[in-house]
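Dear colleague,

I am passing a structure on to you with this email, and below it you will find my notes on what turned up. Please keep the structure open while you read, and look up each residue as it is named.

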Amino acid sequence: MKYFSKNNICNLQKFSLLSILLFSLSGCNSDDKQKVDERNWQLTWNDEFNGATGESPDATKWTYDIGTGNGGWGNQELEYYTNRPENVAMDGNGNLVITAKKENFGGSAFTSARIKTQGLFSQTYGRYEARLKTPYGPGIWPAFWMLGSNITTNAWPQCGEIDIMELRGQLPNINNGTIHGPGYSGGNAITGSYALKNSRYDVDYHVFAVEWDANKMDFYVDDYLYQCIEKSDVLLKGQWVYDNPFFLILNIAVGGNFVGFPTEQTPLPQTMTVDYVRVYK
């Protein structure tokens, strides 16, 4: 999602216009029949968020980023991330709820939460998925994404970044799947989009996933393969840095280079409701 700004979406070939607005990178072809090979995935890590109302995320699985980061987390974001139940907690109905609020806190005009598995869980390759409903509104920036666990010794973008779900709140029907690495980061990232024609991602739950191996990454929405990024494509732009463990991140940002400022038309508070996160090998 975001460690630094990303301002442009690639112009990619359109497919399946009768049912969806679909963009795809070269390397793998998508079609209406979706002839995708089945795999025998085995669950390696999950959180079903079955805690009581107001309970914080499982401390054995999740930790937090707190504060405003360097330069608004490198993106000129406006929120202050907290670990308060007001910003991140279970709802008692099997969901985790991240809430972005308009309030003065720590010198910022907004609060939200960013949770991560850094230092607790990471994995190389596999299928990573989350079932969730997104927030919406101008200036709202939700994401389900990953960073290379070696980020403490290899700064972004050398550590690599995989954005599984990322959208602009002012375009709540368009999901972006993106990777950032050496030679292709920020506005030059490798990215594709999947748009719902007659709905929005904040209206109902959707499953966002990436399947990643040593040679490629396949991006899915509701088990529809909308983008494949092959290693050979990446090497035309820069380095492939995806043979190491990555950790998971969930958050809602407010403002920033990717989405712009909230407006008077931005309804706040906004929530991202997460049914589950699951990882397979």
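**Salt bridges and core**

I begin with a residue that you can find from the outside: Arg39 has a relative accessible area of 36%, which means that it is partly exposed, since that value falls between the limits of 20% and 50%. Please bear in mind throughout that this is a predicted model.

The side chain of Arg39 meets that of Asp213 in a salt bridge, with 3.6 Å from N to O. This pair links distant parts of the chain, for Asp213 sits in the loop between strand E15 (206–212) and strand E16 (216–221), while Arg39 sits in the loop between strand E2 (21–24) and strand E3 (43–47), and the two are 174 residues apart. As general background, side chains of opposite charge can pair when their charged atoms come close.

A second salt bridge joins the side chains of Glu48 and Arg278, at 3.0 Å from N to O. Because Glu48 lies in the loop between E3 and strand E4 (63–65) and Arg278 in strand E19 (residues 270–280), this pair ties together parts that are 230 residues apart in sequence. Glu48 counts as partly exposed, at 22% relative accessibility, and Arg278 counts as partly exposed too, at 23%.

Are the partners in the salt bridge between Asp65 and Arg114 buried or exposed? Both Asp65 and Arg114 are buried, and their side chains meet at 2.9 Å, again from N to O. Here too the pair links distant parts of the chain, with Asp65 in strand E4 and Arg114 in strand E9 (residues 114–116), 49 residues apart. Elsewhere, Arg127, Glu129, Glu211 and Asp223 are linked in a network of salt bridges, and the count for the model comes to 11 salt bridges.

Turning to the protein as a whole, there are two helices and 19 strands, and buried residues make up 56% of the 281 residues. Among contacts between residues at least 6 apart in sequence, 73% join residues at least 24 apart. The accessible surface comes to about 11700 Å², and 47% of that belongs to carbon and sulfur atoms.

For the interior, a useful starting point is Ile98, which is found in strand E7 (residues 96–105). Ile98 counts as buried because its relative accessibility is 0%, and the limit for buried is under 20%. Leaving out residues up to four places away in sequence, Ile98 touches ten residues that include Asn87, Ser112, Leu250 and Met272. The C-alpha atoms of Ile98 and Val274 are separated by 8.2 Å, although these residues are 176 residues apart along the chain.

In soluble globular proteins, nonpolar side chains tend to be buried together. Which residues touch the most other members of the largest nonpolar core? Of its 50 residues, they are Ile162, Ile179, Tyr242, Leu250 and Val277, and the largest share of this core, five residues, comes from strand E18 (residues 246–254). Apart from this core lies another, of eight residues, among them Ala143, Trp145, Cys159 and Phe247. Leu250 touches residues including Trp62, Ile98, Arg114, Phe144 and Val277, again not counting those up to four places away in sequence.

With best wishes

Methods: Residues numbered from 1 in each chain as written. Predicted model: local features only at pLDDT ≥ 70, side-chain atom pairs only at ≥ 80, totals over all residues. Heavy atoms only, no water. Salt bridge = Lys/Arg side-chain N within 4 Å of Asp/Glu carboxyl O. Helix = DSSP H or I, 4+ residues; strand = E, 2+ residues; numbered from the N terminus. Buried < 20%, exposed > 50% of the residue type's maximum accessible area, 1.4 Å probe, protein only. Contact = heavy atoms within 4.5 Å. Areas by Shrake-Rupley, 256 points an atom, 1.4 Å probe, with all protein chains shown as cover. Core = buried A, V, L, I, M, F, W, Y, C linked by side-chain atoms within 4.5 Å.
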